[in-house]
Each structure stands twice: as C-alpha cells, then as structure tokens.
Amino acid sequence: MKVITKQEIKNKLKSAGLTEKDTVIVHTSLSSIGYVCGGAQAIIEALIETVGNDGTIVMPAQSWKNLDPETGVHWTADESDWQIIRDNWPAFDKNITPTNTMGAVAEMFRLWPGTKRSNHPARSVCAWGKYSDYIVCEHSLSNIFGEGSPIGKLYELNAKVLLIGVGYDKNTSLHLADVRAEYPSKRNCIEHSAVLENGKRVWKEYETLSVDGEDFTELGNAFEKSCPFTKEPLGNAEIKLMNQRILVDFAVNWIQIHRK
C-alpha cells in the first residue's frame with residue numbers, strides 16, 4: 001500500500017486549485033484515502049499550510065444524536081426507552097460534545113488550537129482562520145443551513161467546497177440550496193435537543209426546515225456534467241474542489257426542476 005505524505009497532500013490540494021487566503025469548507029474520509037502518514041493530523045496541517053494564516057478552513061462538527069429518538073437517530077434503543085433519552089441526553093457544550101460520524105479529521109479539527117465552534121446543538125460547524133469568528137457566531141436553533149447560518153456566510157464569502165474521498169451526499173452546502181429552492185415537498189419540522197439555558201439542562205423544542213438530502217448524489221452528478229470543478233487523485237480517493245456559489249446556484253435550479 002502506497003504511503004501518502006503531508007507534502008503529497010499539499011501538492012494535490014494546490015493542483016486542484018486550493019490557494020493561499022482561500023476560505024474552504026472541507027468534507028473528508030480519511031479511511032478512503034489509504035495509508036496517510038500522520039493520519040488526520042497530516043490532513044489538517046496540509047490544509048492549514050496551503051491556505052495560510054489569511055485563509056479560513058471550515059468543517060462540519062455535527063452532533064446529530066442530540067435529537068429526539070422519534071427522528072430515528074437512536075435506532076438501537078427500544079421505543080419504551082425513548083423518554084429516558086429525552087430526560088438524560090447530555091446538554092450540548094461546544095467545548096466538549098464530540099462529533100457524530102463526521103470522521104477522524106473533523107473530530108481532530110474540533111480540538112485543533114485556534115478552532116472555533118458554532119453553538120448549534122445538533123448541526124454545528126468548526127472554523128479556523130481569518131473568518132472563523134464571523135462564521136461560527138449566531139448559529140440559531142431554527143436556522144441550521146439558511147441565510148446568516150455558517151453555510152450562508154460561506155456563500156457571502158465566496159468560499160470553496162473541498163470533498164476528499166466523499167460524495168455529494170456529504171456536501172453540506174447543498175442544504176443552503178434546500179433553503180432557497182421552492183418545491184412541493186418542502187416543509188418545516190419540529191426538532192428537540194438538549195441545551196443549557198441559564199446553566200440548566202433543558203430539552204429544547206424548535207422549528208426548522210426538514211433536512212432532505214436523498215437526491216444529493218444525483219444532483220452532484222448533474223452538477224459535474226454542467227459546471228466547472230477540479231479533481232485530483234489522492235491515494236485510493238479523489239479530491240474535488242468547486243466554488244460554493246456556483247454549486248448552490250446550480251442546486252437551487254436543479255431542485256426546483258427535479259424535486260417533486
């Protein structure tokens with residue numbers, strides 16, 4: 001098995017078009033790449049050294065198990081125990097709460113020196129660099145992926161999207177298109193999460209757009225046939241880099257045509 005070094009990762013990132021001062025949201029699967037010398041640490045260092053101190057790196061830090069069992073996120077628990085979960089799930093703490101299935105890179109990035117985290121109990125993001133404070137501030141319960149959310153702010157900043165060994169089903173920016181598009185099945189839902197209010201744990205109810213990403217792989221395939229993006233091989237995986245505005249604008253139109 002070929003060993004992938006940090007320098008090789010940096011070379012591939014630059015070949016794909018990631019440059020100094022870029023703002024980029026990163027989705028990555030370390031295991032898909034193969035043997036990375038230094039693992040998650042090497043990936044993060046390569047990203048930081050590529051964009052530099054005037055760049056900004058964002059990764060999802062979702063803790064989506066902090067949702068009501070009725071949504072299906074606690075599938076191993078019997079329905080008779082759901083109320084126990086509601087009463088006892090730990091309140092979200094952005095300094096402590098781990099990510100859920102975001103991968104080894106995102107989990108290490110959450111703890112990286114200088115990284116900031118937004119305060120959403122189930123759908124937070126982490127950011128490092130020039131615009132980190134701006135991106136993570138004011139992530140309200142109901143506005144998960146819309147205008148003024150971290151994903152919306154990335155659109156304002158003309159950010160890039162970097163996929164490393166993952167598909168469009170992991171491309172969080174497409175949820176901004178969900179918010180902007182109009183389609184017949186669009187609906188809000190009620191969610192619940194454990195949060196701290198005045199130092200006390202509460203099981204908080206909030207209304208938000210129902211998350212819908214079942215067609216994101218199909219959407220991504222259509223995007224790649226119609227819009228510019230770059231790709232580079234990295235070990236057993238591929239790096240794909242794209243402009244977030246172009247992606248979201250395409251996705252809004254695609255969703256309105258195809259989603260019934």
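Let me begin at a turn: Glu 197 has Lys 200 as its bridge partner in strand S9, and that pair belongs to an antiparallel arrangement in which strand S8, residues 188–197, and strand S9, residues 200–209, are joined over 10 bridges. I should say straight away that this is a predicted model, and that what I describe has been computed from it. The two strands S8 and S9 make a hairpin with two residues between them, and one residue of that turn, Asn 198, has a positive phi of about 55 degrees although Asn 198 is a residue other than glycine. Asn 198 also counts as exposed, because its relative accessibility is 87% and the threshold for that class is over 50%.

There is a second hairpin to set beside it, formed by S10 and S11, again with two residues between the strands, and in its turn Gly 235 has a positive phi of about 60 degrees. Here five bridges join S10 to strand S11, residues 237–243, and the two run antiparallel; within that ladder, Glu 232 finds its bridge partner in Ile 239 of S11.

While we are on backbone angles, I would also point to Lys 21, which is not a glycine but has a positive phi of about 80 degrees. Lys 21 is in the loop between helix H1, residues 6–16, and strand S2, and is exposed, with a relative accessible area of 54%.

Now to the sheet. In what order do the seven strands of the open sheet lie? The order is S5-S6-S4-S2-S7-S11-S10, with mixed pairing, and the edge strands, each of which pairs on one side only, are S5 at residues 116–117 and S10 at residues 230–234. Further in, S2, residues 23–28, runs parallel to S4, residues 56–60, and three bridges join them, with Thr 23 having Thr 56 as its bridge partner in S4. Helix H3, residues 39–51, packs on this sheet, where it touches S2, S4, S6 at residues 125–129 and S7 at residues 160–164, and the direction of helix H3 makes about 145 degrees with that of S4.

One residue of helix H3 that I would single out is Glu 45, which is partly exposed, with a relative accessible area of 22%. Leaving aside residues up to four places away in sequence, Glu 45 touches Lys 6 and Trp 112. For a sense of distances, the C-alpha atoms of Glu 45 and Leu 154 are 21 Å apart, with 109 residues of separation in sequence, while those of Glu 45 and Val 166 are 19 Å apart, with a separation of 121 residues. Val 166 itself lies in the loop between S7 and helix H8, residues 174–180, and touches His 27, Thr 28 and Ser 29 when residues up to four places away in sequence are not counted.

Which residues have the most contacts inside the largest nonpolar core? That core has 39 residues, and the ones in question are Leu 47, Ile 57, Met 59 and Leu 162; its largest share, eight residues, comes from helix H3. Ile 57 gives an idea of the surroundings, since residues up to four places away are again set aside and its contacts still include Val 24, Leu 47, Phe 109 and Trp 128. A second, separate core has 33 residues, among them Val 58, Ile 144, Ala 159 and Cys 227.

Finally, the aromatic rings. A search of the whole structure finds three aromatic pairs, one of which is the stacked pair of Trp 64 and Trp 75, with 6.3 Å from centre to centre and 20 degrees between the planes. Both Trp 64 and Trp 75 lie in the loop between S4 and helix H4, residues 82–88, so the pair ties together parts that are 11 residues apart in sequence. Is each partner buried or exposed? Trp 64 counts as buried, at 14% relative accessibility, whereas Trp 75 is exposed, with a relative accessible area of 60%. Elsewhere, Tyr 168, Phe 223 and Phe 250 form one aromatic cluster.

Two arginines also sit over rings: the charged end of Arg 180 is 4.0 Å from the centre of the ring of Tyr 155, and Arg 259 lies over the face of Tyr 183, at 4.8 Å from the ring centre.

Conventions. Residues are numbered from 1 along each chain as its sequence is written. This is a predicted model: local features need pLDDT of at least 70, side-chain atom pairs count only at pLDDT 80 or more; totals for chains, interfaces and linings use all residues. Side-chain values use heavy atoms; hydrogens and water are left out. Two strands pair if DSSP finds at least two bridges between them. Helices (H or I, at least four residues) and strands (E, at least two) are DSSP runs, numbered from the N terminus. Contact means heavy atoms within 4.5 Å. Axes are lines fitted to C-alpha atoms, for helices over the stretch in contact, and angles run from 0 to 180 degrees between N-to-C directions. Buried means under 20% relative accessible area, exposed over 50%, partly exposed in between (1.4 Å probe, protein chains only). A nonpolar core is a set of buried Ala, Val, Leu, Ile, Met, Phe, Trp, Tyr and Cys residues joined through side-chain atoms within 4.5 Å. Rings of Phe, Tyr and Trp (its six-membered ring) pair if their centres lie within 6.5 Å; planes under 30 degrees apart count as stacked, over 60 as edge-to-face and the rest as tilted. A charge sits over a ring if NZ of Lys or CZ of Arg is within 6 Å of the ring centre and within 35 degrees of the ring normal.
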